[in-house]
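This report describes selected helices, strands and loop residues of one protein model. The sequence and structure are shown first.

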Amino acid sequence: MEWQGWFTLGLCVAVLVTLISTRIGPHLVMIGALTILSATGILSSSDALSGFSNSGLITVAGMFVVAAGMHASGAIDLLVNTLLGKPTTPRAALNRMFWPVAFLSSFLNNTPVVATMIPAIYSWSRKIGISPSKLMIPLSYAAILGGTVTLIGTSTNLIVNGQYQALTGGPGFSLFSITAVGIPVAIVGFLYMWLFFPKLLPDRTQGQAFSNLREFTLEVSIAPDGPLVGKTIEQAGLRHLQRVYLIEIERNGIILTVVTADEVLQGEDRLVFAGDTDAISDLLRIKGIVPSAEEGQTQTFAERHPERRLVEAVVSPHCTAVGYAIRDARFRARYGAAVLAVARHGERIKGNLGSITLQAGDTLLLEARPAFVTRQRYNKDFLLINDLNTEAPRHERAYVAWMILLGVITAASFEVITMLNAALIGGGLMILAGCCTANQAERSLDLKVIITIAASFSLGMALEKTGVAKFLAENIVDLSGGTPWLLLILTYITISLLTEVITNNAAALLMLPIVLEITEKADLNNIPFVFAIMMAASASFATPLGYQTNMMVYGPGEYRFTDFLKAGVPMNIVAGIVTITVLLIGWPLTK
C-alpha cells in the first residue's frame, strides 16, 4: 500500500477508538473523517460527498416520512389497539406485542416505530398490571428482528444495498431478498424471548416512574358525531384507565357524580377526569374525545388540530388571568390555548374545570399551537416547563395512511418502481393526503442519523480506493486458509462485535468493501456475505449503545447496563447461529 492506504487505515482506527471511548456524536466523528479525506486529497470532493446522494440514504429519508404519516394519522394506534388486548401474564403480553411490532418494523424504519410504540406500550403495561421493564427490551428486540425481514425494514439494509450497488455496479437486492434469512431469525428470537425473558428481565414496578406524580383535573367532551356516542363507559374503554379516573359527567347542565360502567355516553357530554400527565396524554389519543368548549364559544377550538401540542406551564404572578375563573378569563380567546388540566401544589383541584380560579404557581396542561410556545418565551404570563410535543392524531386519515404504506410495499415488491421512488412517492402522498403535516414530516427526518450514514460512505469508499480493503482481505483469506464457511463466520462475528461498540450503519459501511474484496480474492459468492453483514449489523442486542432503539427504551424501562448484557448476549448468539445456519444451507458459498 502507498501512504494514502496507511493513512486511511490509521484514520479508520482513530474513528473506531473515538466512537468507542468518547461521547462525541457519531455524526461529528464521521463528518470529521470525511473532511480529512477530502482535504488530504485521498478522495475527490465528489467521492467524499457521494454518500449524500446515495439512493439508499434517500430511501431511508423517504421512509422516515412514511413512518411519520403512520404515526400522525393514528394508523399505528389502530393496529395496536386492535391486537394488544388484555393479557394477564408477561408471556401472553410478549406474544401480543411482538407480532404487530415486528410486522410494522418490517416495512417502516424501526426507530420511528419504537418511538411511536414506547408511550403506547408503557400505557398498556400499566393497564394490564405488568411492569414496563418486562416489555421495553422486548419492544426494542421485536423491532430489530422485524427490521431484518425486508430490505426497507432498517436503514442498515438500505444503505448496505446502496453501497453494494455503488461498489459492484450491480442491480442490488429486491425488497424480499433477505426475507428467507430474516423470518427464521425473527421466529427463533421470539421463541427465545418468550421462554426466558419473563425470568431474565427485572420487575421494577415500584421504580421512580411511579412516584411523585402531579395529579391534574382534566375536562374533555364527547364529539357529537364521534364513535363513542351510544357506547357505555365500559365499551368506550374509559372505566379501567390506569393513573387517570373518571370523576363526573356534566350533561345538559346536570352533574352525574356517581358514574357507573353502564352509563351510556351522549354527544357533547363533558367528562371530568383526574390523573397525571402521562395518563392524560394517552387519554387524548382516543378517537371521539375532544377538548371541552367554553360557554359561548364556538366548537372550532374543540376540534382537534394536528399542529397543536401539549404544553405544561406554570402560571406566573404577572399573568393577567390570576384571580379569574378559567371560563371568566376567556382563556382560549386571550392566549390561544386550551386549558386541559390544572394542578396546585402537586395535587389536583376538585370541581368543574371552567370554575377553577387561577392562582400564581398553578401548573396547567395546555393544548396550544407552536406560536403559543414561541410567544411565551418572551412574555411573562407563563413559565414553560415541558413541551410534551404530543399532537392529536388525524384518526380520519388512518386508513389512508395504511393504503399508502401498502401501496409502497406492493410497488416495491413487484418492482413496478424502484424502492427509492416508492419511498419518495409514499412520503409525498402522506403529506398531500393529510396523514401528516409538512412540519411533522420535517421533524421526522433524523438529521444526525442521516449525516452519520452519508459521511460513513466516504470511509468505506476510501478503504476501497486506496487498496486497504484489498490488503486486509488478502491477509484475512490467508489467515483462514480460504475456508468459505470460516470466512462467513468471521465476517458475522467481526461486524457483530463492531456494532455493539459503534453505530450499526458505520460498522456495515466500513466492512462491506473489505468483505467484497475477500469474496473476490477467494472466488466466493458475495451474496451470503452481504446478507451476513446486514443481519450482524442489525442484530445488536447486547448493549444499549449498539442500536438506537435499545437506547430509546433504556430510560422508560428503568434498565441498568447489565440488564442488556443478561438478555442481549444470548440473543446475539442465537441470532448469529440461526443466520449462519440458514446462509450455509440456502446459498452456495462458492461461485
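A residue counts as buried under 20% relative accessible area, as exposed over 50%, and as partly exposed in between, with a 1.4 Å probe and protein chains only. The model is predicted, so local features are reported at pLDDT of at least 70 and side-chain atom pairs at pLDDT 80 or more, while totals for chains, interfaces and linings use all residues. Residues are numbered from 1 along each chain as its sequence is written, and side-chain values use heavy atoms, without hydrogens and water.

**Helix H20**

Helices (H or I, at least four residues) and strands (E, at least two) are DSSP runs numbered from the N terminus. Helix H20 covers residues 504-521. Of its 18 residues, 16 are buried, and H20 is thus mostly covered. From first to last C-alpha, H20 reaches 26 Å, close to the expected 26 Å; the expected span is 1.5 Å times one less than the number of residues. H20 nevertheless bends by about 35 degrees at Leu512, with the proline Pro513 following within four residues. The bend is the angle between axes fitted to the seven residues ending at a residue and the seven starting there.

Helix H18 (residues 468-480) packs against H20 at an angle of about 55 degrees, and their axes are 8 Å apart. Axes are lines fitted to C-alpha atoms, for helices over the stretch in contact, and angles run from 0 to 180 degrees between N-to-C directions. The two helices, H18 and H20, are therefore oblique to each other; angles under 35 degrees count as roughly parallel, over 145 as roughly antiparallel, 65 to 115 as roughly perpendicular and the rest as oblique.

**Strands S7 and S9**

Strand S7 (residues 337-344) is also mostly covered, with eight of its eight residues buried. S7 runs antiparallel to strand S9 (residues 363-368), and six bridges join them; two strands pair if DSSP finds at least two bridges between them. Val342 has Leu364 in S9 as its bridge partner.

**Loop residues with positive phi**

Most residues other than glycine have a negative phi. The table lists two residues with a positive value.

| Residue | Phi | Loop | Relative accessibility |
|---|---|---|---|
| Glu415 | about 55 degrees | between H14 (398-413) and H15 (419-432) | 57%, exposed |
| Asp523 | near 60 degrees | between H20 and H21 (527-538) | 48%, partly exposed |

Asp523 links this topic to the helix described above, as Asp523 follows H20.
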